[in-house]
Amino acid sequence: MSERLLLPSLATVTSVRPETLSGDVRTFQVEFDDPADAARFTYLPGQCAMVSVFGVGECMISIASSPTRLGPLEFAVKKVGMVTEAIHELEPGANLGVRGPYGNCFPAHNWLGQNLLFVAGGIGLAPLRSLVNYCLDKREDYGTIDLVYGARTPGDLCFRDELQEVWSKAPDTRVNLTVDRGDDTWAGPVGFVPAFLESLAPDPSGRIAVTCGPPIMIKLVLESLTRLGFPPERIITTLEMKMQCGVGKCGRCNVGAKYVCVDGPVFSLRDLEGLPEEF
Ligand SMILES: Cc1cc2nc3c(=O)[nH]c(=O)nc-3n(C[C@H](O)[C@H](O)[C@H](O)COP(=O)(O)OP(=O)(O)OC[C@H]3O[C@@H](n4cnc5c(N)ncnc54)[C@H](O)[C@@H]3O)c2cc1C
Ligand code: FES
């Protein structure tokens, strides 16, 4: 096994940006201290990294930046417990460790000429953000791009500047937002992502659907996409939330005979057919 998967490389936080109004999600830009580590760390959308705060611990975080853009790695981190709280305390100039990248990637190279539908919920937009920006940077390779994204409240929508100022203004690209609960600032749709997706009724012909979010949302979105007529080989999801060690050692991620970290985390619904429904 490659050493870079087991040993963290030293890196420095270069900027911190709040994503949600409450600040429970922040995006960290991170640069490797050693240029050789930066050169070695090549990745594709859908991959993740183990981020460590020295003296506290480490956790798996999706890479939210796109490899089509030179510059720092970006991680959008939701504060939920000990390690993510310690990451949130990091300010520009602070050190952390990064190892990886782990997992397979979204097979965007197989989707040339296809229309794309991205369906995300909450912090699940982080790995899809990498993919959206990757596809927008190679715009001529793909057909229309539709994003369906939902969060609990308007203040919980991540990457709002990009959603409103960049993606919704990109050619042949539509951004469809929903929230579970509206407020005075919200004039858009209210409702859960799967029902909202079905109300939009995207045409499945010539289209690939990719979804990421909380496990219950993924399960219901997979059912919605199937009802809408998407064939299982054109429905792609990432089961990353089942991963822990990322290197096939802890046994936390198996679904039937598949190890999510070794065989995935990106799968088509066809790949998952016949497996126990525990994903
Ligand atoms: C492949 C992969 C990619 C991921 N990508 C991302 C990403 O891009 N961004 C991101 O933010 N996260 C991501 N995660 C999730 C992230 O790894 C976890 O949120 C992180 O490991 C939590 O670690 P922690 O020490 O902060 O929390 P822990 O202390 O381990 O807490 C974990 C869980 O326990 C609950 N908990 C914690 N404290 C309490 C308490 N006092 N009472 C009740 N419940 C509590 C939390 O709500 C949380 O659900 C990813 C996970 C995987 C496997
Ligand atoms: S995440 Fe540990 S074995 Fe797969």
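**Close-up views of a predicted model**

**View 1. Arginine 99 and the cis peptide bond of strand 6.** The side chain of arginine 99 forms a polar contact of 2.9 Å with the side chain of tyrosine 102, a polar contact being a pair of N or O atoms within 3.5 Å, where within protein one atom must be able to donate a hydrogen and the other to accept it, and residues adjacent in sequence count only through two side-chain atoms. The model is predicted, so that local features need pLDDT of at least 70 and side-chain atom pairs pLDDT 80 or more, whereas totals for chains, interfaces and linings use all residues. Residues are numbered from 1 along each chain as its sequence is written, chains are lettered from A and ligands numbered from 1 in the order in which they are written, and side-chain values use heavy atoms, with hydrogens and water left out. Arginine 99 belongs to strand 6, which spans residues 95-102 (strands are DSSP runs of E with at least two residues, helices runs of H or I with at least four, both numbered from the N terminus). Arginine 99 counts as buried because its relative accessibility is 9% (buried is under 20% relative accessible area, exposed over 50%, partly exposed in between, with a 1.4 Å probe and protein chains only). Strand 6 also holds proline 101, and the peptide bond that leads from glycine 100 to proline 101 is cis, with omega near 0°. Most peptide bonds are trans.

**View 2. The surroundings of ligand 1.** Ligand 1 has 18 residues around it, and among these Met60, Ala76, Lys78, Val83 and Thr84 come nearest (a residue is near if one of its heavy atoms lies within 4 Å). The shell around ligand 1 is made up of 13 nonpolar, three polar and two charged residues. Strand 4 (57-62), strand 5 (73-78) and helix 2 (82-88) each contribute at least two residues to this shell, and strand 4 gives the largest share, namely four residues. The space that ligand 1 takes up is the largest pocket (on a 1 Å grid over the protein atoms alone, an open set of points with protein on both sides within 12 Å along at least five of seven lines, where a 1.4 Å probe fits).

**View 3. Backbone atoms facing ligand 1.** A backbone N or O atom of lysine 78 lies 2.6 Å from an oxygen atom of ligand 1, while a backbone N or O atom of serine 62 lies 3.0 Å from a nitrogen atom of the ligand. For glycine 81, a backbone N or O atom is found 3.2 Å from an oxygen atom of ligand 1. Ligand 1 taken alone exposes 980 Å², and the protein buries 57% of that area (Shrake-Rupley method, 1.4 Å probe).

**View 4. Two buried residues, glutamate 74 and alanine 120.** Glutamate 74 has its place in strand 5, and it counts as buried because its relative accessibility is 8%. The side chain of glutamate 74 is joined to the side chain of arginine 129 by a polar contact of 2.6 Å. Alanine 120, which sits in strand 7 (residues 115-121), is buried, with a relative accessible area of 0%. Between alanine 120 and leucine 177 the C-alpha to C-alpha distance is 9.8 Å, although the two are 57 residues apart in sequence.

**View 5. Positive phi at phenylalanine 159 and aspartate 172.** In the loop between strand 8 (145-151) and helix 4 (160-166), phenylalanine 159 has a phi near 55°, a positive value in a residue other than glycine. Aspartate 172, placed in the loop between helix 4 and strand 9 (173-179), likewise has a positive phi, near 50°. Most residues other than glycine have a negative phi. Phenylalanine 159 is buried at a relative accessible area of 2%, whereas aspartate 172 is exposed at 54%.

**View 6. Glutamate 273 and proline 265.** Glutamate 273 lies in the segment after helix 8 (269-272), and at 44% relative accessibility it counts as partly exposed. Its side chain is joined to that of arginine 270 by a polar contact of 3.0 Å. Glutamate 273 and proline 232 are 41 residues apart in sequence, yet their C-alpha atoms are 8.5 Å apart in space. Proline 265 is found in the loop between helix 7 (260-263) and strand 14 (266-268), and the peptide bond from glycine 264 to proline 265 is cis, with omega near 15°.

Terms used:
1 Å grid on protein atoms, 1.4 Å probe; cavity = no way out; pocket = protein on both sides within 12 Å on 5 of 7 lines; lining within 4 Å. Sits in = over half its atoms within 2 Å of the grid points. Nonpolar A, V, L, I, M, F, W, Y, C, P; charged D, E, K, R; others polar.
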